[in-house]
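Please open the model in your viewer and keep the sequence panel beside it, since the tour below moves from one selection to the next.

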Amino acid sequence: MKKKVVSILLCAAMGMTALAGCGNSSGSGASASEPAAAVQEDSRESKEESTQAGESQESAAAENTAVDGGGETLNVMCHSSWRTDEANAVFDYVAEKCNVKFEFEEVPEGGSGNELIFAKMQSGEVPDILWWQGAKTSATEIGEDLFMELSGDWTKDYNANILESPNQTYNGRLICAPFGDVTVFGMCYNKQVFADNNIQIPQTWDEFLAACETLKAAGVTPMYISGTTDNEWTLQIIPIDARLKQESMEPGSIEALNSHKKLWADMEYMQVTFERMKEMKDKGYIQDTFLSDSYADAQEALLTGTAAMYPQATWIYAELTKLAESEEELDNIGFFPIPATNAADSIAYTETPTGFVIPVSGKKADLAAQIVGELVSKEAMTEYYKLHQGIPAVNGVEVELSSIPADVSALMEAGKTNTLPNTLYSTPSMASDVQAMLAGDKTPKDVLAGYDTDWDTYAKEAGNPDWGY
């Protein structure tokens with residue numbers, strides 16, 4: 001079953017309240033003999049014609065004011081997997097509209113790709129457009145002053161809760177233009193496998209463990225994990241989601257971390273989460289070959305039903321559409337929040353999109369900033385969602401939803417998703433630490449201690465070695 005969603009849904013999902021003003025006028029100007037329905041229909045048609053005329057004028061004005069790139073070529077650096085059909089459609093649309101060409105420099109996923117990006121930026125071999133991890137990560141991992149502050153008419157099509165989010169704004173500066181979907185972290189699952197084993201969607205961690213035991217007894221891998229080299233980033237899904245649950249159970253946790261009044265080692269639910277991940281491994285609820293299994297392997301296992309669940313974010317849907325042999329197979333994959341100890345805390349972590357940042361030292365920085373505005377415009381995003389299902393970050397784009405996106409939309413409507421207060425620094429060792437923990441080389445306490453070491457390193461590099469003490 002499909003449903004329509006408009007991006008205004010995002011307002012409710014991310015904590016904003018929209019107030020709609022309703023006008024009321026007496027007297028329609030119609031004669032008494034005219035049926036009320038006819039008057040309403042005339043009024044509706046008049047409004048529609050006026051709206052269509054206005055949209056036509058706006059469209060014509062937009063075409064007339066489109067950026068003319070003069071045939072210039074812009075270099076775009078990004079991870080190779082981000083070059084999806086829908087993304088390419090946007091670049092093609094803007095290339096033709098604005099008379100520019102795009103040249104892509106693709107880097108691998110994971111740590112090796114990030115290291116290449118760092119090296120390029122530090123050596124001065126900067127791209128015109130860096131399509132990467134968002135404002136906070138770009139600022140903290142590379143350098144805030146190395147990126148332009150963005151502006152333009154395109155911002156009018158985005159709500160403040162998008163533009164002011166950590167993925168877009170850092171220290172009050174909008175440096176990352178959002179491109180694509182709102183992302184939700186959670187558990188993908190094979191609906192048929194659940195049905196065959198009489199399993200309901202678990203609402204608590206105890207129910208989740210019971211489901212895993214049933215699946216294991218039936219010869220199905222309960223939860224697939226992909227931990228091979230350059231795929232270890234996937235191991236971060238559950239810990240990132242656990243930050244939201246930590247904040248839900250102990251409000252103020254993130255603020256305490258930011259001020260360094262508490263350490264990661266003090267975050268009780270975070271430690272519980274790592275202990276639970278280790279328990280999953282020790283009880284055989286995760287496949288033994290996880291250190292050699294990839295993100296692609298996980299998708300195949302989920303679709304075929306050799307694995308029942310896979311912790312992931314909603315971006316996986318675009319990959320599944322390429323692998324699924326039929327629409328029925330694709331629609332058989334659902335999504336639910338990673339269960340917490342209590343059902344009330346079983347909500348899913350929501351993030352705004354990553355997107356485009358512009359290095360200030362780029363030779364075509366001003367043109368690149370204008371073109372980025374075109375890439376994230378409502379018109380360009382309309383091209384994107386002709387080929388893609390997801391929850392748009394931009395307003396005014398309507399999408400048909402099924403499978404994972406439909407489940408996520410339902411979670412948003414039910415208030416089962418939420419964002420997280422901004423953390424002042426990232427935890428770059430998370431993926432490798434979790435990988436080592438599952439392999440038995442580190443304990444959950446070691447992982448959290450590693451986060452605190454990351455904090456100390458960040459504080460010293462930021463010139464604040466005594467921050468918060």
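A residue is called buried here when its relative accessible area is under 20%, and exposed when that area is over 50%. With that cut-off, Gln246 counts as buried because its relative accessibility is 3%. Please bear in mind throughout that this is a predicted model.

**The whole chain**

Begin with everything displayed: the chain has 19 helices and 15 strands, and of its 469 residues 53% count as buried. If you draw the contacts between residues at least 6 apart in sequence, 79% of them join residues at least 24 apart.

**Gln246 and Ala242 in helix H9**

Now select Gln246, which is found in helix H9, residues 237-249. Which backbone atom lies 2.9 Å from a polar atom of the Gln246 side chain? It is the backbone nitrogen of Tyr269. Setting aside residues up to four places away in sequence, Gln246 touches Tyr269 along with Ser253, Met267, Glu268 and Met270.

Move next to Ala242, which is also a residue of helix H9 and, because its relative accessibility is 1%, counts as buried. Beyond residues up to four places away in sequence, Ala242 touches Tyr269, Met270 and Thr273. A C-alpha to C-alpha distance drawn from Ala242 to Ile338 should read 8.7 Å, although these two residues are 96 apart in sequence.

**Where H9 meets H11**

Widen the selection to H9 together with helix H11, residues 268-282, and look at how they pack: the angle is about 145° and the axes are 8 Å apart. The crossing of H9 and H11 is right-handed. To show the side chains involved, select Ile238, Pro239, Ala242, Arg243, Lys245, Gln246 and Met249 in H9, which meet Glu268, Tyr269, Met270, Thr273, Phe274 and Met277 in H11.

**Helix H4 and its two sides**

Go on to helix H4, residues 110-123, whose 14 residues reach 20 Å from the first C-alpha to the last, close to the 20 Å expected at 1.5 Å a residue. Colour Gly110, Gly113, Ile117, Phe118, Lys120 and Met121, which are buried. Viewed down the axis of H4, these buried residues fall within an arc of 165°, so they line one face of the helix. On the other side of H4 you will find Glu115 and Gln122, both exposed.

What covers the buried residues of H4? Display strand S2 (73-79), strand S3 (101-107), strand S4 (129-132) and helix H5 (135-143), which are among the elements that do so. Before leaving this region, step to Gly124, just after H4, where phi is positive at about 90°.

**Asn167 in a loop**

Select Asn167, in the loop between helix H6 (160-163) and strand S5 (169-170). Is this loop residue, Asn167, buried or exposed? Its relative accessible area is 10%, so Asn167 is buried. Leaving out neighbours within four places in sequence, Asn167 is in contact with Gln133, Gly134 and Ala135, with Cys176, and with Glu351, Thr352, Pro353 and Thr354.

**Helix H15**

Finish at helix H15, residues 365-375, where nine of the 11 residues are buried, so that this helix is largely enclosed by the rest of the structure. The buried residues to select in H15 are Ala365, Leu367, Ala368, Ala369, Ile371, Val372, Gly373, Glu374 and Leu375.

Terms used: Residues are numbered from 1 along each chain as its sequence is written. This is a predicted model: local features need pLDDT of at least 70, side-chain atom pairs count only at pLDDT 80 or more; totals for chains, interfaces and linings use all residues. Side-chain values use heavy atoms; hydrogens and water are left out. Helices (H or I, at least four residues) and strands (E, at least two) are DSSP runs, numbered from the N terminus. The expected span of a helix is 1.5 Å times one less than its number of residues. Buried means under 20% relative accessible area, exposed over 50%, partly exposed in between (1.4 Å probe, protein chains only). The arc is that of the directions from the helix axis to the C-beta atoms. Contact means heavy atoms within 4.5 Å. A polar contact is a pair of N or O atoms within 3.5 Å; within protein, one must be able to donate a hydrogen and the other to accept it, and residues adjacent in sequence count only if both atoms are side-chain atoms. Axes are lines fitted to C-alpha atoms, for helices over the stretch in contact, and angles run from 0 to 180 degrees between N-to-C directions. A crossing is left-handed if the near helix is turned anticlockwise from the far one by less than a right angle, and right-handed if clockwise.
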